[in-house]
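Biologist: Could you take me through one part of this model slowly, and explain how its pieces sit against one another?

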Amino acid sequence: MIRLAAGSTVVALVILFSLGTPVALAQSVPTPLEHFGHEIGADGTMADWHELSAYYRLLAEASPRISIETLGQSTLGEDFLMMVITSEDNHRKLDRYLEIQHLLADPRRVSSKAEVEALIQEGRTVVLLTNHIHSTEIGAGQMPARLAWKLASSEEPDILEILDETIIVLIPSLNPDGTQMVARWWHEWRGTEWEGAPLPRLYHQYSGHNNNRDWFFFALPETRLTVLHAHNRWKPQIVYDTHQMGNAGARFFIPPYIDPVEPNVDPRIVGGFNALGSYMAADMTRRGFHGVVTGAIFDIYTPARAYMHYHGGIRILSEAASALVSNPIYQELEDLRPARDYDPRVMSVNFPSPWQGGRWGLDDIVDYLEAGALSLLRNAARNRTFWLESFVGIHEDAVAGWDRWPQAWVIPAGQDNHMGLQQLLRVLTTGAVEVHRAEASFQATVPADGSSSVRTFPEGSYVIPMQQPYGAFAQTMLEIQDYPDLREYPGGPPIRPYDATAHALPLLFNVEAVAVESLLGTELRLSEPIEQITEHVFEVPGFLLGPDAPRIGLYRAYQEPMPQGWTRWLFDGAGVAYEEVRNQELRAGDLAQRYDVLIFQDQSPVSILTGFSETIMPPPYAGGIGPEGVEALREFVENGGRVVTMDAATDFAMDVFELQVRNAVRDLPPEEFYIPGSILRLNLDPHHPISDGVPTENIAWYWRTSRAFEVEDDRARVLGRYGEEDPHLAGWVLGEEHVAGKPALVEVDVGQGSVVLFGFQPNFRGQSVALWPLLFNSLR
């Protein structure tokens, strides 16, 4: 203790400041206003990633509550940052808390129930906060700066309790490239007639909005950095993920979600996000936040958006209503529109306090997202024992194995598809699944036509025992999905799933994986788990490499569709040379001087032809290829060029080249025909070069923009058909008889050239590895 003489008030204050008292800490941590020159969320403001990342580093320098780490580089080379925020005392023991997390996540490493209870009492709730994966959702990128400042400097009792009882892992931007490019674009046109114009490119170099659909394929470096360094390292009990949505309804969404639930999600996780989301909604409502809805809009079926649900954590998705980029909007109550799950103008059980209309701005978005985060953190702190006990129970049940799971999955040795096998092993090991190799041949009972049979597996087969902490992830990746038939009312339209309904990797990768009911004998010898595989494997036919490769042009519109970005991802990763073709170049003509093949990904004819309106976009980003581009394409093909089209772009090709081919399912109502992202059977012509090196019994990825064709053109060759007898392999297929046996892949001769029509998507988010060879072969 320091003793002071009477009259030493000033000296006392100086000494207290120097010792790091609350007042000194608050004064030493720079405020957002001091750093940015404006408050976070102020009208007409938007900090870019360089400004934001500099601020986070300043906070870490100024506050002992924050440490910061550069995990690696984003796709375009920006620093990918992660902060750990907790009390100064907890920071001194972070290694111990990390050890506790790993012990609680694997009951095999804990000797007794008493040890588990002691670890729970010692441990802390780990909360992962992820932000701004979707870069045009401005508030989700700005809010973390204010939240981090509060956690770094505040002495409010609630904040101190949060810091004492939780460890917060904060990733301020899951897409730093997009955070930077959107801010740069907005500032470029700020104050002009084009302020607020849409970005003329995807806001992630390859995936655009689909970067939030990469949580099991791990295609992108940002996903891999987050999974390896946040999820797998810290094993959070809770994840809070910030987003924005449209503004015609609620002001804020948080769980509970709507059905269906993917069947490998632990019941404790479902109960956890129901309880926490309901608490947050009640807490925010009592604090005066109106327009909060739960139990609406979003389901949790696909693991592409929910890695944590298979790794012991719950995902709290938060969605705030959007404004006009960073400027406010004004809405009346009657401007809002009813949704299937609620009416935003009327009080209901899942929407107790309607927003009455008025001004809605970036500051409101930041306030709601931050209020949600603080409500969640208060719950995580005050219910630390509950969250850790639930976490333990999830992993204890996984290690015991679920009744619906097989004893093991086996990937037999000797399969020809090296690329698909390596991709499958990469996904499983990145997802922390333990994969072994059999050191000798062995026998096991396997399901067969409603009964069981004995099968012998060769030495070197990969074995995935299902009694392990992340068996749920293995199961959902390896089994066939049977999505429920959900209707708005009996016999009525289908309830549209939020995303895809199939993700069976053995089908998508063309790899055999066998569910084993029981392993026979006692001498099964397995290796230690194989090393983690993180790098992608690509195999490219030789004709696409070297100086004699076809000259490929990939149409890149300013109104760019996401599948176009995924095609660039595949070509860049595989080393396939190509050039981007813009509207101006197509309109200029003389295409044969530069290209042999032109690719048009999934994009509507209107978008290709007309693009963005001149009223909303500055030149040269307005417009499409126009009539000049159409004539240039006709000349290109007539003189020997090839045009390859996918999904909606096939309609463009049918029109431009006057093909006697049509979409056979275009006019069917959804209650009769609906395939919202499923895997179908595909039978290929074995005599056509497009099938070289490809199994003729294959898969097709049928998306919402996919087609089945009627072909009446004498110049056409049907290269592939959807399965005649039973086209449905995985996911939700309503009205499969309408596609059964229909042409799915067609080539039509036009003059000296040809046009290829993919009625399905050969490269869906990078995941349809089995179809990459078809896409490559179509470029001959």
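Modeller: What follows is a close look at helix α13 and its partner α8, and then at the core to which α13 contributes. Please keep in mind that this is a predicted model. Helix α8, which covers residues 138-153, packs against helix α13, residues 362-382, at an angle of about 55°, and their axes are 9 Å apart. An angle over 115 but not over 145, or one from 35 up to 65, falls in the oblique class, and α8 and α13 are therefore described as oblique to each other. The crossing in which α8 passes α13 is right-handed. On the side of α8 the contact is made by Ile138, Gly139, Ala140, Met143, Arg146, Leu147 and Lys150, while α13 brings Leu362, Ile365, Val366, Asp367, Leu369, Glu370, Ala373 and Leu374. Sorted by character, the residues of this contact are 10 nonpolar, 1 polar and 4 charged.

The largest nonpolar core has 213 residues, and the members that touch the most others are Ile411, Ile464, Phe571 and Phe760. To this core α13 gives the most, with 12 residues. If we set aside neighbours within four places in sequence, Ile464 is in contact with residues including Trp409, Ile411, Leu428, Ala474 and Leu478.

Ala474 and Leu478 are among the buried residues of α16. This helix, residues 471-478, has 8 of its 8 residues buried, so α16 is largely enclosed by the rest of the structure. Its cover includes β13 (408-411), α15 (418-430), β17 (462-465) and α17 (505-509).

Definitions and conventions:
Residues are numbered from 1 along each chain as its sequence is written. This is a predicted model: local features need pLDDT of at least 70, side-chain atom pairs count only at pLDDT 80 or more; totals for chains, interfaces and linings use all residues. Side-chain values use heavy atoms; hydrogens and water are left out. Axes are lines fitted to C-alpha atoms, for helices over the stretch in contact, and angles run from 0 to 180 degrees between N-to-C directions. Helices (H or I, at least four residues) and strands (E, at least two) are DSSP runs, numbered from the N terminus. A crossing is left-handed if the near helix is turned anticlockwise from the far one by less than a right angle, and right-handed if clockwise. Contact means heavy atoms within 4.5 Å. Ala, Val, Leu, Ile, Met, Phe, Trp, Tyr, Cys and Pro count as nonpolar, Asp, Glu, Lys and Arg as charged, and the others, Gly among them, as polar. A nonpolar core is a set of buried Ala, Val, Leu, Ile, Met, Phe, Trp, Tyr and Cys residues joined through side-chain atoms within 4.5 Å. Buried means under 20% relative accessible area, exposed over 50%, partly exposed in between (1.4 Å probe, protein chains only).
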